[in-house]
Amino acid sequence: MDFQLLREAHEHFLIYKYRSLCSLSSRTGISFTLSIFPTLFLSHKTLLSHLSVLTMATCLVSNEPTINPLVAIVSETEAPLEIPHDVAEIVVVRHGETTWNCSGRIQGQLESDLNEVGWKQAGAIAERLATETKPAAIYSSYLKRAKYTAEMIAKKCHVHEVIEVPELKERHVGSLQGLYWIDIQEKEPEAYHAFFSPENDSEIPGGGESFNQLCERSLAALYEIASRHKGERVIVVTHGGVLRAIYMALTREAKAGKVLNASINVLHLSHEKWAFKSWSDVSHLNEVGFLQRGFNGDSLQC
């Protein structure tokens, strides 16, 4: 008997099981430890080389909702998993890149068209989501950069309509809307300081919203959507400011970091508790590309 061949076959089996368990963990919140593998194989060079791409995977038992730093580690041969009956899975997508995103101009609630890259990003999102669990519904901001992204996803996922939710619109940033990031400190100093103020109840001059107002409407909309879809997956297409507000409100972190165009972010609502399953996943944009600066409401973007 060829024991070397047998050993290699066994190793491939273990690697397959490891990836399957990590995929199951990221989907369901059930976690596993590496103790399921014999130490003989963990120390073997071949296995370690296969596991090197998974070294950041969250596979330790934990009851705390954590951000999974590795996303999209799913075996291509696996069928989409069913959503547990008491869980609503919300896939929150930021719209594709726009002409104003590219030029460094502040949109707020003003309209700006998807540019060529943005249309390609929307197509890439749609292609990816069409291979995953079919959404029961697709919701979107009415602003056309989000709506057009949502419509491309709906077409590819065979969902007949996109439901507009006004509360998913971008933050109104008052007199900063339409200006270039590089100019706002000089041209609108009061609005600039209000936007970056640590006081979350500061409204931005010129009719803008406070951060608290943004959080309140964004979370209320997300909760309302999740409450309608227990045991189902839905897709929500919105904006960088809204995503930042949702992240900071739910995690209570002081910053959200970059919110990238066309990123995919997965949340679960179960028993009135929210948990992030992935954050700012752009693995589907490898061939399309994206703006590295993203949306960052924590510091000036130039």
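1. Among contacts in the protein chain between residues at least 6 apart in sequence, those that join residues at least 24 apart come to 72%. The model is a predicted one, and its protein chain has 302 residues, of which buried residues make up 48%. The chain exposes about 15200 Å², and carbon and sulfur atoms supply 54% of that area. Its secondary structure comes to ten helices and six strands.

2. The strands are a good place for a new reader to begin. An open sheet of six strands runs in the order β3-β2-β4-β1-β5-β6, and its pairing is mixed. The edge strands of this sheet are β3 (163–164) and β6, each of which pairs on one side only. Between β2 and β4, which run parallel, there are four bridges, and within this pairing Ser-140 has Val-237 of β4 as its bridge partner.

3. Strand β1 deserves a point of its own, since its two neighbours run in opposite senses relative to it: seven bridges join β1 to β5 in an antiparallel arrangement, while six bridges join β1 to β4 in a parallel one. On the β5 side, Glu-89 has His-268 as its bridge partner, and on the β4 side, Arg-94 stands opposite Thr-238. Eight of the eight residues of β1 are buried, and both of its faces are covered, with Val-87, Glu-89, Val-91 and Val-93 on one side and Ala-88, Ile-90, Val-92 and Arg-94 on the other.

4. The largest nonpolar core holds 41 residues, and the members that touch the most others are Ile-90, Tyr-139, Leu-222, Ile-225 and Val-236. At least two residues of this core come from each of β1 (87–94), β2 (137–140), α8 (189–195), α9 (211–228), β4 (233–238), α10 (240–251), β5 (264–270) and β6 (273–281). Helix α9 gives the most, with seven residues. Apart from this core lies another, of 22 residues, which includes Val-93, Val-159, Val-162 and Ala-262.

5. Which residues does Tyr-139 touch, not counting those up to four places away in sequence? They are Val-162, Ile-163, Val-165, Leu-168, Ile-225, Arg-228, His-229, Val-234, Ile-235, Val-236 and Val-237.

6. Ala-220 also belongs to helix α9, and a reader may ask whether to call Ala-220 buried or partly exposed. Its relative accessibility is 46%, so Ala-220 counts as partly exposed, given that buried means under 20% and exposed over 50%. The C-alpha atom of Ala-220 is separated by 8.3 Å from that of Glu-167, although the two residues are 53 apart along the chain.

7. Helix α5 covers residues 116–130, and because a helix should rise 1.5 Å a residue, its 15 residues should span 21 Å, which agrees with the 21 Å between its end C-alpha atoms. Asn-115 caps the N-terminal end of this helix, with a side-chain oxygen 3.2 Å from the backbone nitrogen of Val-117. The buried residues of α5 are Gly-118, Gln-121, Ala-122, Gly-123, Ala-124, Ile-125, Ala-126, Arg-128 and Leu-129, and the elements against which they pack are β1, α6 (144–157), β4, β5 and β6.

8. The loop between α4 (99–103) and α5 contains Asp-113, which counts as partly exposed because its relative accessibility is 39%. Not counting residues up to four places away in sequence, Asp-113 touches Thr-98, Thr-99 and Lys-144, and the side chains of Asp-113 and Lys-144 are joined by a polar contact of 2.9 Å. Asp-113 and Ala-146, which are 33 residues apart in sequence, lie 9.7 Å apart from C-alpha to C-alpha.

9. Helix α10 can be checked in the manner used for α5: at 1.5 Å a residue its twelve residues should span 16 Å, and its end C-alpha atoms are 16 Å apart, which agrees. This helix is mostly covered, with nine of its twelve residues buried, namely Gly-240, Gly-241, Val-242, Leu-243, Arg-244, Ala-245, Ile-246, Tyr-247 and Met-248. The buried residues of α10 pack against β1, α9, β4, β5 and β6. Just after the helix, Arg-252 takes a positive phi of about 60 degrees.

Conventions. Residues are numbered from 1 along each chain as its sequence is written. This is a predicted model: local features need pLDDT of at least 70, side-chain atom pairs count only at pLDDT 80 or more; totals for chains, interfaces and linings use all residues. Side-chain values use heavy atoms; hydrogens and water are left out. A nonpolar core is a set of buried Ala, Val, Leu, Ile, Met, Phe, Trp, Tyr and Cys residues joined through side-chain atoms within 4.5 Å. Buried means under 20% relative accessible area, exposed over 50%, partly exposed in between (1.4 Å probe, protein chains only). Contact means heavy atoms within 4.5 Å. Accessible areas come from the Shrake-Rupley method with a 1.4 Å probe; for residues, only the protein chains shown count as cover. Two strands pair if DSSP finds at least two bridges between them. The expected span of a helix is 1.5 Å times one less than its number of residues. A polar contact is a pair of N or O atoms within 3.5 Å; within protein, one must be able to donate a hydrogen and the other to accept it, and residues adjacent in sequence count only if both atoms are side-chain atoms.
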